[in-house]
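Let's take a walk through this one together, moving from ring packing to empty space and then to some backbone oddities. Have the viewer open and follow along.

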Amino acid sequence: MPIINSGTKKIRKDYTIKELIKKAREMRAYNMIAITAAGSGHTGGTLSIMDIAAALYLKKIRHDPENPDWEERDRVFWSVGHKAPALYIALAEAGYFPLDDTVKLRKLWSSFEGHPNRLKLPGLELSAGSLGQGLGVAIGCALNAKLEKKDYRVYTILGDGELDEGSLWEAIMCTSHYKLDNLTAIVDRNELQIDGPTKEVMSLESLLAKWQAFGWHTIEINGHDMSQILSSLDKAERIKEKPTVIIAHTIKGKGVSFAEGAVGYHGVAPKDGRSGKESLDQALEDIGDPQFTKEKVDHLLKIASSYQKEVDKKVEASLPKFSRNYWWNSSSIMQVKMEPTRNGFGKAIEELGKDENVVALGADITSSIRMDKFYASHPERKNRFFEIGIAEANMTLVASGLAKEGKIPFIGSYGVFITGRNWDQLRTTVCYNNYNVKIADAHAGISVGADGATHQALEDITNLYYLPNMHITVPSDSIETEKATHAITSITGPAVVRYAREATPIITTKDTPYQFGLTNIIRYRGKKENFIEAFEAKLSTDYISEEENLTLIACGPMVAEAMRAAYILKEEYNLETRILNIHTLKPIDKKAIIKAAKETNIIITCEEHQVGGFGNIIAGVIARNKKYSTPLLLDMIGVEDRFGESGAPWELTKVFGLTAEHIAKMVKELYDKKPG
């Protein structure tokens, strides 16, 4: 049924097949402009699913854009949240909001987040991003329709790589068990995922037979043939007593020459930007919609850039101000180099791979988290690398079996997935058995940026800290990450290294003291040409009090911000700061923390995490030991009980209040409350 008026039941808009094909072409063009303007996004999958999106939202489903919450509407659940741009553009084409607004994709405070947020846009049924969850929600919706004797239909869109997730097969079995003939699953079978062809990452064939074995009616189609798409959707509606799955064979990157069938275009924007062989201009030429003239494209890109300029003003306005600008590399002095901490993990895992007992496991983002360095330059090690696919729970269990037999397995993924989706496996199998499994808690914190809340691990420290037998290190920069990865390999038992994706300041050297389990005490010694030379670091066991005014206790990337805050506090208020770099969170250096509380009486904890995840651990160490002088003033900097957002990493650092400027402001307010 086409788009209708929910009040009068009259047709608002209907499309012929020819018109749908034309609309899908237009949608592909908008998609490429939006992703180019964002500078990031999932080119390949959005292009492969676009014909299906056009068919569903412009022709098949019963819905009313002027009444998005109409109870009789059909529901579509996008389990593949990373294909959000296709969803946004389909909704816009249907009339839910202006089509031109979609070019604000992935920008801070835009409703068009990197992964869909149903609380920000009409027409969205599900906030999604963690794969393998959409079908289960769709089941609940379909069951409700049966209970209430409603005739709305339920659809869910799945990726083929997503079928690696065990939770999906639980849902596939459940759907059949309840004979949900009002539910249709659509698999975007483009045969590629991040780490390569699906048959190489984790073989799915015979896919049709598997769905049939689980009791589903199956249909195979060409996912780019509009007639076949519509015909299959009609057939699914006529099937009784069984759910239907449509296996839609598609081409990843469909319609754009340089992206078609290219693994590298899973999650990136055109590499040449506006012009070149792999550019927006080339993509639009390939798509071939004549309405996208230079003037129109310029207009759309200007909408995005003008929006970004307004965001920039608001972001800068949110930053506390001092007598001058102390931001990173804003002046000719106190210069700092930046490097992603994940590179330090990569260097370490390559070196550790020399030991034949060390093995590595992949979860489809192997290169991104630098796990591929284990074998990239050492093909002879490939037999010790096991690709498990998008299946964090199974990966954890497989690693446990390897550890049981004497191997030292490394597992890793986005922090939110490798510490969340498999938490029970970490607790019951890894920690309870005290297996020697090493965990790469990668892309942690908000540095994932425009991917948004579903991909930003802001709860992982708490998830892990209270697991018995677990060891945790949260290094501050790429050099310390390399040291920390070696350190957790040398101890026996479960261990995690938490690191980020974005480039962050290098604040240590190879000669900086490092000992697992001991804190580094850092002191600002005066302005220098290079930021790192303005500070001195010592092991806590070697440090003698200098009667500082306060203590900043930090971990991870917040150590650099604490150091810059110490610089600001000295230059602006002549306050001396002791900085504790808690690179080893468990076991924690209790003596250094208690000593700081006793000697300075002002403590502020700094974490790129839900506030209190780290801060409450520090507060608990102090409170339980009772060796500090009262009154002790304590406060915390962190994410204030909220989910993340899409935006550039440094934008998010500022608006979430995680900068040195915010720390310095809090310190001054707290210091001014100090008695006497």
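Phenylalanine 535 is buried, with a relative accessible area of 11%. Bear in mind as you look that this is a predicted model. Its ring partner, tyrosine 524, is buried as well, at 6% relative accessibility. The ring centres of tyrosine 524 and phenylalanine 535 sit 5.4 Å apart with the planes at 50 degrees, so this pair counts as tilted. Tyrosine 524 belongs to strand S18 (residues 520-524) and phenylalanine 535 to strand S19 (residues 535-539), with the two positions 11 residues apart in sequence numbering. Now widen the view: ring pairs join Phe322, Tyr326, Trp328, Tyr524, Phe531, Phe535 and Tyr567 into a cluster.

How many aromatic pairs does a search of the whole structure find? The count is 19. One of them brings together tyrosine 30 and phenylalanine 292, edge-to-face, at 5.3 Å centre to centre and 80 degrees between the planes. Tyrosine 30 is in helix H1, while phenylalanine 292 is in the loop between helix H10 (280-287) and helix H11 (294-317), so the pair ties together parts that are 262 residues apart in sequence. Tyrosine 30 and phenylalanine 292 are both buried.

While you're on helix H1 (residues 17-38), find lysine 22. Is lysine 22 buried or exposed? With a relative accessible area of 53%, lysine 22 is exposed. For a sense of scale, measure from lysine 22 to aspartate 511: the C-alpha atoms are 62 Å apart in space, and the two residues are 489 apart in sequence.

Next, the empty space. Searching the whole structure turns up five cavities of 30 Å³ or more. The largest cavity holds about 170 Å³. Its lining is made of 15 residues, and Thr504, Pro557, Glu608, Trp650 and Thr653 lie nearest the centre. Strand S17 (503-505), helix H18 (558-573) and helix H21 (649-655) are the elements that each give two or more residues to this lining. By class, the lining of the largest cavity has nine nonpolar, three polar and three charged residues.

The second largest cavity comes in at about 90 Å³. Of its 13 lining residues, Tyr326, Trp327, Asn329, Met334 and Tyr567 are nearest the centre. Two of those names should ring a bell, since Tyr326 and Tyr567 also belong to the aromatic cluster. The lining of the second largest cavity splits into seven nonpolar, four polar and two charged residues.

There are pockets to look at too. The second largest pocket contains about 370 Å³ of space. It has 17 lining residues, with Asn117, Ser127, Ala453, Thr454 and Phe643 nearest its centre. This pocket's lining divides into five nonpolar, seven polar and five charged residues.

Helix H12 (residues 341-352) makes a nice check on geometry. At 1.5 Å a residue, its 12 residues should span 16 Å, and the end C-alpha atoms are 17 Å apart, which agrees. H12 is also mostly covered, with nine of its 12 residues buried. Among the buried ones are Phe345, Ala348, Ile349 and Leu352, along with Arg342 and Asn343.

For a closer look at one helical residue, go to serine 176 in helix H6 (residues 166-177). Serine 176 counts as buried at 16% relative accessibility, because the cut-off for buried is under 20%. Beyond its neighbours within four places in sequence, serine 176 is in contact with Phe214, Gly215, Trp216 and Pro243.

Finally, the backbone. The peptide bond from glutamate 205 to serine 206 is cis, with omega near 0 degrees, and serine 206 sits in the loop between helix H7 (198-201) and helix H8 (207-213). Lysine 586 and proline 587 are also joined by a cis peptide bond, with omega about 5 degrees. Look for proline 587 in the loop between strand S22 (584-586) and helix H19 (590-600).

Phi has its own surprises. Arginine 106 is not a glycine, yet its phi is positive, about 65 degrees. You'll find arginine 106 in the loop between helix H4 (84-94) and helix H5 (134-147), and at 8% relative accessibility it counts as buried. Aspartate 641 also has a positive phi, near 50 degrees, and lies in the loop between strand S24 (633-639) and H21. At 72% relative accessibility, aspartate 641 counts as exposed.

Notes
Residues numbered from 1 in each chain as written. Predicted model: local features only at pLDDT ≥ 70, side-chain atom pairs only at ≥ 80, totals over all residues. Heavy atoms only, no water. 1 Å grid on protein atoms, 1.4 Å probe; cavity = no way out; pocket = protein on both sides within 12 Å on 5 of 7 lines; lining within 4 Å. Points joined across faces, edges and corners; volume = space filled by probe spheres on them. Helix = DSSP H or I, 4+ residues; strand = E, 2+ residues; numbered from the N terminus. Nonpolar A, V, L, I, M, F, W, Y, C, P; charged D, E, K, R; others polar. Buried < 20%, exposed > 50% of the residue type's maximum accessible area, 1.4 Å probe, protein only. Expected span 1.5 Å × (residues − 1). Contact = heavy atoms within 4.5 Å. Phe/Tyr/Trp six-rings, centres within 6.5 Å; stacked < 30°, edge-to-face > 60°.
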